[in-house]
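Q: Could you take me through one part of this model in detail? I would like a close look at how its helices pack against each other, with some context around that.

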Amino acid sequence: MNVNRFKELIDICEKTGEPLDKVVLHWEMLDSGLSPEKVVKKTEVLFDVMKESYEENRGKNLKTLVGLTGDNAKKMLDYLPFAFTGERVFQAVTIAVTIAESNASMKRIVACPTGGASGVVPGVLLTLEKYGTKREKLISSLIVAGAIGKVISLHASLSGAQHGCQAEIGSGTAMAAGAAVYAMDGTPQQVADAAALSLKSLMGLVCDPVGGFVEVPCVKRNAAGAALALLFADMARAGVKSVVPFDEVVDAMAKVGRMMPESLRETGKGGIADTPTAKNIVDVFSRKFKI
């Protein structure tokens, strides 16, 4: 199976009648040598770690290195019954921030696709589980999410240092949106549309962590990614298509990433990291720890 584009996976599904997750498993077997059963088992472990990470840190004030975050998820959990955006969306963003703050406090998380963007996919999947989606379907959806991330990694990057935050939160949002569509019995084309709509909407997002630490604005961008993923999943299921196919959106993202100056690629020198407040935070931290 000579595949490296998402459209090729869709074509195989249409030609063979096989479900998308099964086609992805065969692709992975030919690439990695791992049997489909082994890949499913590994995916189940990753899903379980996502759940454990959330359950262990849910509602806690977490201590992070710089202390710029760590108590936001608890505030959000307390506010959940009053959320104007609705319980499902706010549940997803609360889980996303919990996982992202867990990452910032060096807790165990699944880097899906990276540590900085680790909250988006579990935010969406664990919310779907809470509202009735079966575990088996979520595992299949996480396998599909992996295929979306793999295509992005083959033709662009998942690294903020290489292509900015569009490659991290943008990719995580595309993966989560595609997974949500698949979990809700959407078609392979709808999965691709949701992923494309997500990546287009976050194209150009720069990577500008204050002081280079994965706290501000990284943690709260996970919330944005989870909310957008659910939004674009619903739009795709409603029949809204991406005019530009997912594979071409990935190519465009790579081009934008290559045009980004170094200051906007995880160096902590541009964007939010270059504001007076951010510089003052870094100065205080440096003097405190004599860096």
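A: Here is a walk through the helix packing, with the whole chain before it and a few single residues after it.

A word on the ground rules: this is a predicted model, in which local features need pLDDT of at least 70 and side-chain atom pairs count only at pLDDT 80 or more, while totals for chains, interfaces and linings use all residues. Residues are numbered from 1 along each chain as its sequence is written, and side-chain values use heavy atoms, with hydrogens and water left out.

Let's start with the chain as a whole. The protein chain has 13 helices and 0 strands; helices (H or I, at least four residues) and strands (E, at least two) are DSSP runs, numbered from the N terminus. Its radius of gyration is 19 Å, close to the 19 Å that the globule rule gives for 291 residues, so the chain is as compact as a globular protein of that length. That radius is taken over C-alpha atoms, and the rule is 2.2 Å times the number of residues to the power 0.38. Along the principal axes, the C-alpha atoms fill a box of roughly 65 × 40 × 35 Å. Of the 291 residues, 52% count as buried, where buried means under 20% relative accessible area, exposed over 50% and partly exposed in between (1.4 Å probe, protein chains only).

Now to the packing itself. Two packed helices are described by the angle between their axes and the distance between the axes. Here the axes are lines fitted to C-alpha atoms, for helices over the stretch in contact, and angles run from 0 to 180 degrees between N-to-C directions.

Take helix α6 (residues 120-130) and helix α9 (residues 169-183): they pack at an angle of about 20°, with their axes 8 Å apart. That makes α6 roughly parallel to α9 (under 35 degrees counts as roughly parallel, over 145 as roughly antiparallel, 65 to 115 as roughly perpendicular and the rest as oblique). The crossing of α6 and α9 is right-handed; this is the case if the near helix is turned clockwise from the far one by less than a right angle, and anticlockwise makes it left-handed. From α6 the contact (heavy atoms within 4.5 Å) involves Val120, Val121, Val124, Leu125 and Leu128, and from α9 residues including Ile169, Gly172, Met175 and Ala176. By class, this contact has 11 nonpolar, 2 polar and no charged residues. Ala, Val, Leu, Ile, Met, Phe, Trp, Tyr, Cys and Pro count as nonpolar, Asp, Glu, Lys and Arg as charged, and the others, Gly among them, as polar.

The second pair is α2 and helix α7 (residues 135-155), whose axes come within 9 Å and cross at roughly 55°. That makes α2 oblique to α7, and their crossing is left-handed. Among the residues that meet are Leu20, Asp21, Trp27 and Glu28 in α2 and Ile143, Val144 and Lys150 in α7. The α2 contact with α7 has 9 nonpolar, 1 polar and 4 charged residues.

Finally, some single residues. His26 sits in helix α2 (residues 20-32) and is partly exposed, with a relative accessible area of 34%. Asn72, in helix α4 (residues 72-79), is buried at 16%; leaving out residues up to four places away in sequence, Asn72 touches Val97, Glu101 and Lys220. Thr277 belongs to helix α13 (residues 276-289) and is exposed at 57%. The C-alpha atoms of Thr277 and Val210 are separated by 9.4 Å, although these residues are 67 apart along the chain.
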